[in-house]
Amino acid sequence: MSLIDTHCHLDFFKNELELILQRAREAAVEAMISCGTEAADWPLHCEIANRYAQVHYSVGIHPTNVTQNWETDLETLEQFFAKTPKPVAMGEFGLDYHGIEGDTTTIIARQKEAFRQQLLIAQRYDCPIIIHSRDAFEDCKTLIDQSLCNWENIVIHCFSENAEAIREINARGGRGSFTGIVTYKNAEKIRQALLAQGVERLMLETDSPYLAPVPFRSKQNEPAFVRETARYVATLLGLAESELAAITTRNAKNFFRIA
């Protein structure tokens with residue numbers, strides 16, 4: 001049995017990386033995608049992926065990291081697609097309207113323009129796209145539609161909308177991926193979204209170091225814990241854990257085009 005953690009942030013674990021990766025292997029996590037969120041962390045994700053065959057990486061500007069210099073950062077981002085290893089995806093990027101402080105109109109306008117520009121880059125490279133959407137689903141959906149990006153390349157990570165929303169993105173060809181939130185007692189809406197999508201597009205992630213699943217909730221999350229989410233989701237779907245692992249691993253490899 002093997003699993004893939006399709007979204008984690010290994011830059012948070014740089015001082016204990018060997019231990020984190022060892023625990024992941026012991027939990028049958030054969031691969032993971034370490035997701036970049038700003039120009040300062042992209043070189044580290046690339047370096048980690050270069051050192052460890054278990055790790056792949058992505059590059060993007062998280063919406064809360066869209067500063068006044070974001071356009072210059074995007075010039076740097078494109079350089080990574082000429083590197084070895086190159087990113088397996090663009091992301092994470094998108095929109096985040098949660099708890100905005102300051103000039104809301106300006107901040108949202110800046111996020112939207114950075115989103116549009118990153119979608120254009122992703123189109124040029126025809127690569128998978130990892131979308132961050134928090135309290136901004138309708139605007140994210142609209143901007144992707146307007147971009148004419150191939151929805152088959154789109155995953156909305158840490159999916160937190162309802163079943164109707166996931167049906168909308170599935171109908172377009174996109175998908176949601178699910179974190180340990182699905183194990184939380186108060187997350188029935190998200191469980192219903194997972195059930196609505198079914199297994200054909202299902203991928204699992206930790207978003208570590210955040211959102212540890214039950215029974216590790218309130219602890220620091222790590223890629224090994226995707227095993228607990230997989231165990232829970234297998235029961236939810238009425239599948240054997242090994243079958244769920246095989247399906248989600250195949251889905252992740254196909255979506256991110258990794259061997």
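# Reading the sheet, a helix and the cores

Tutor: This predicted model holds an open sheet of eight strands, in the order S1-S2-S3-S4-S5-S6-S7-S8, with parallel pairing.

Student: What makes S1 and S8 edge strands?

Tutor: Strand S1 (3-8) and strand S8 (203-204) each pair on one side only.

Student: How do you know that S2 and S3 pair?

Tutor: Pairing needs at least two bridges. Four bridges join strand S2 (residues 29-35) to strand S3 (residues 55-59). Therefore they count as paired. The two strands run parallel.

Student: Which residue in S3 is the bridge partner of Ser34?

Tutor: Tyr57 is the bridge partner of Ser34. In addition, Ile33 stands opposite His56 in S3.

Student: Why is S3 called largely enclosed?

Tutor: Five of the five residues of S3 are buried, so the rest of the structure largely encloses this strand.

Student: Which way do the residues of S3 point?

Tutor: Val55, Tyr57 and Val59 point one way from S3, while His56 and Ser58 point the other way. In a regular strand, side chains alternate between the two faces of the sheet.

Student: Now the helix. How do you know that the length of H9 agrees with what a helix should span?

Tutor: Helix H9 (residues 241-256) has 16 residues. At 1.5 Å a residue, H9 should span 22 Å. The end C-alpha atoms of H9 are 22 Å apart, so the two values agree.

Student: What does H9 touch in the sheet, and at what angle to S1?

Tutor: H9 packs on the sheet and touches S1, S2, strand S4 (89-96), strand S5 (129-134), strand S6 (154-156), strand S7 (175-178) and S8. The direction of H9 makes about 50 degrees with that of S1. The buried residues of H9 include Leu244, Ile247, Ala252 and Phe255. Just after H9, Arg257 takes a positive phi of about 60 degrees.

Student: Which residues touch the most other members of the largest nonpolar core?

Tutor: Leu10, Phe115, Ile131 and Phe178 do, out of 72 residues in that core. Helix H4 (residues 104-125) gives the largest share, six residues. Another core, of 13 residues, lies apart from it; among its members are Ile4, Cys35, Ala89 and Ala252. As a rule, nonpolar side chains in soluble globular proteins tend to be buried together.

Student: Leaving aside neighbours within four places in sequence, what is Leu10 in contact with?

Tutor: Its contacts include Leu17, Leu21, Met32, Ile48, Val55 and Pro223.

Student: How many aromatic pairs does a search of the whole structure find?

Tutor: Seven aromatic pairs.

Student: Why is the pair of Phe12 and Tyr210 called edge-to-face?

Tutor: The centres of Phe12 and Tyr210 are 5.6 Å apart, and the limit for a pair is 6.5 Å. The planes make 75 degrees, and over 60 counts as edge-to-face, so the name fits. Phe12 and Tyr210 lie 198 residues apart in the chain.

Student: Why is Phe12 called partly exposed?

Tutor: Phe12 has 46% relative accessibility. Partly exposed runs between 20% and 50%, so Phe12 counts as partly exposed. At 42%, Tyr210 does too.

Student: What makes Phe93 and Phe115 an edge-to-face pair?

Tutor: The ring centres of Phe93 and Phe115 are 5.6 Å apart and the planes are at 70 degrees, so the pair is edge-to-face. Phe93 sits in strand S4 and Phe115 in helix H4, 22 residues apart.

Student: Are these two buried or exposed?

Tutor: Buried means under 20%. Phe93 is at 0%, so Phe93 counts as buried. Phe115 is also at 0% and buried.

Conventions:
Residues numbered from 1 in each chain as written. Predicted model: local features only at pLDDT ≥ 70, side-chain atom pairs only at ≥ 80, totals over all residues. Heavy atoms only, no water. Expected span 1.5 Å × (residues − 1). Buried < 20%, exposed > 50% of the residue type's maximum accessible area, 1.4 Å probe, protein only. Contact = heavy atoms within 4.5 Å. Axes fitted to C-alpha atoms, helices over the stretch in contact; angles between N-to-C directions. Core = buried A, V, L, I, M, F, W, Y, C linked by side-chain atoms within 4.5 Å. Phe/Tyr/Trp six-rings, centres within 6.5 Å; stacked < 30°, edge-to-face > 60°.
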